[in-house]
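Please look at the model below, and keep in mind as you read that it is predicted. The paragraphs that follow take up the ligand and its surroundings, and then turn to a small sheet.

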Amino acid sequence: MPGCAPAPVSEPRHRVLSVSNQQPSIVVVGAGFAGAATAFHLTRMGMERVTILEQEEVPGMHASGRNAAMVRQVVPNESIAALARGGAAFLRHLPRDWPLETDFEQNGSFLLASAGDSARLKQDGDRSRERGVPAEWWPIERIVEAVPILEGSPAEGGLWCPTDGVVDIHGLLQGYLKAAASAGARLRTSSGLRRVVVRQGKICAIQTESDELSADVVVNAAGAWARQVGQLAGASAVPLVPYRRHLFVTKPLDWVEPQWPIVWDLSRDLYFRPESGGLLLCPCDEVAQEAGPAADDPAALQMLADKVTRNYSRLSDLPIRRSWAGLRTLAPDGRFVVGWDSSVGGFFWLAGLAGHGVATSYSVGLLAASLVLQESHGAAPAAFRPDRFL
Ligand SMILES: Cc1cc2nc3c(=O)[nH]c(=O)nc-3n(C[C@H](O)[C@H](O)[C@H](O)COP(=O)(O)OP(=O)(O)OC[C@H]3O[C@@H](n4cnc5c(N)ncnc54)[C@H](O)[C@@H]3O)c2cc1C
């Protein structure tokens with residue numbers, strides 16, 4: 001195992017570029033938005049030895065292919081909001097050599113709220129505005145004029161964010177992967193990580209079901225499986241939990257305007273937006289489950305029915321054409337987990353992207369790649385540090 005020669009004890013654990021004259025061998029585990037965007041940036045930064053391992057036959061089988069595709073920039077946590085602003089800016093001006101057509105429909109969003117939630121949302125709107133995102137508080141009557149189906153809404157008003165929107169998640173995910181591949185990254189599908197070989201506290205190789213690769217760095221972008229991948233490496237225990245959430249799409253409805261914005265009632269935890277001539281709706285259910293396929297649970301449809309009947313009666317009894325569930329993976333504080341592991345050299349966390357992994361993908365991939373290559377002095381923003389749970 002040539003990559004596993006003992007490292008000198010004095011060698012700093014996290015300086016991957018100084019290991020030898022050769023570029024580091026970087027293995028990214030997971031071809032969802034986290035892994036794909038990181039590989040994209042690593043190759044843009046000149047890395048030629050990047051391998052993406054994906055356990056499934058095709059990328060995007062889990063959260064990255066089962067989400068609501070919304071790009072929202074007003075988020076309570078400023079560290080996440082900054083990444084979302086960067087992500088939206090990227091989508092507005094895709095690079096000339098972006099390999100796939102990737103629509104970003106900026107129809108805006110209304111974030112609705114009542115009572116105590118309104119004050120907090122107004123503050124978030126003020127902060128976003130100061131940072132260049134147009135966000136304006138509207139009374140509910142004005143919002144109902146724009147989206148008449150909201151008549152009777154119990155919300156007192158909402159934030160209008162005209163530069164939010166919905167992105168083509170297939171084009172975005174495949175775009176990152178294709179661009180990375182054309183710059184030399186290798187995508188290996190049906191290739192699950194089974195073992196991380198660590199010598200003297202430092203990664204030197206990984207094993208899949210079928211073979212072994214030398215590795216200096218492992219980027220853990222395994223979504224719902226991130227905790228297990230951490231265990232494979234003997235890394236610190238980061239308490240990430242996958243939570244199941246359902247989406248429902250109606251049949252085409254002649255009263256839906258395709259240019260309606262996203263509507264998210266934050267006080268009642270319910271959102272909808274136009275989709276395929278009808279609506280996509282979400283009751284914001286949140287049930288913890290183990291990493292794995294997210295099974296459809298009839299209780300979620302009941303939850304949706306209860307919420308709309310109580311609050312948005314004009315959305316009751318809609319003809320649902322299809323539904324699915326996906327897993328959002330969260331740290332206990334809801335913040336991302338990005339940075340070097342404190343006990344295994346070369347093990348990098350990029351997980352817990354919660355409900356923001358699409359919107360922030362460009363920026364969080366950039367952050368991760370920069371940290372891996374030590375271009376940000378090696379320290380993750382404090383808000384995201386993996387060792388905050390130790
Ligand atoms: C219902 C729902 C709605 C959402 N809506 C939005 C939204 O509107 N906007 C937004 O920004 N975000 C949204 N999200 C969140 C977003 O989908 C996630 O944050 C994002 O997709 C996470 O990406 P990821 O790459 O971390 O995880 P994943 O997409 O789960 O990718 C991880 C990959 O790692 C692979 N993997 C795991 N273990 C191994 C292993 N041992 N070896 C090899 N491969 C492995 C998995 O197969 C998987 O493909 C939503 C999520 C859900 C579930």
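**Around the ligand**

Sorted by class, the residues in the shell around the ligand comprise 21 that are nonpolar, 13 that are polar and five that are charged. In total, 39 residues surround the ligand, and the closest of them are Glu 54, Ser 64, Met 70, Ala 354 and Ala 359. Both domain 1 (22-106 + 163-239 + 331-390) and domain 2 (109-162 + 241-330) take part, since each gives at least three residues to this shell.

Some contacts can be followed down to particular atoms. An oxygen atom of the ligand lies 3.0 Å from a polar atom in the side chain of Gln 55, whereas for Ala 69 it is a polar backbone atom that lies 3.4 Å from an oxygen atom of the ligand. Ala 354 likewise offers a polar backbone atom, which is 2.9 Å from a ligand oxygen atom. On its own the ligand would expose 1000 Å², and the protein buries 97% of that area. The elements that contribute two or more residues to the shell are α1 (33-44), β14 (241-250) and β19 (320-330), and the largest share, three residues, comes from β19.

**A sheet of three strands**

Elsewhere in the description of the model there is an open sheet, in which three strands follow the order β3-β8-β4 with antiparallel pairing. Its edge strands, β3 (70-71) and β4 (104-105), each pair on one side only. Strand β8 (residues 165-167) runs antiparallel to β4, and two bridges join these strands; here Glu 105 stands opposite Val 166, a residue of β8.

Key
Residues are numbered from 1 along each chain as its sequence is written. This is a predicted model: local features need pLDDT of at least 70, side-chain atom pairs count only at pLDDT 80 or more; totals for chains, interfaces and linings use all residues. Side-chain values use heavy atoms; hydrogens and water are left out. A residue is near a molecule or strand if one of its heavy atoms lies within 4 Å of it. A polar contact is a pair of N or O atoms within 3.5 Å; within protein, one must be able to donate a hydrogen and the other to accept it, and residues adjacent in sequence count only if both atoms are side-chain atoms. Accessible areas come from the Shrake-Rupley method with a 1.4 Å probe; for residues, only the protein chains shown count as cover. Helices (H or I, at least four residues) and strands (E, at least two) are DSSP runs, numbered from the N terminus. Ala, Val, Leu, Ile, Met, Phe, Trp, Tyr, Cys and Pro count as nonpolar, Asp, Glu, Lys and Arg as charged, and the others, Gly among them, as polar. Domain bounds come from an automatic or database domain assignment. Two strands pair if DSSP finds at least two bridges between them.
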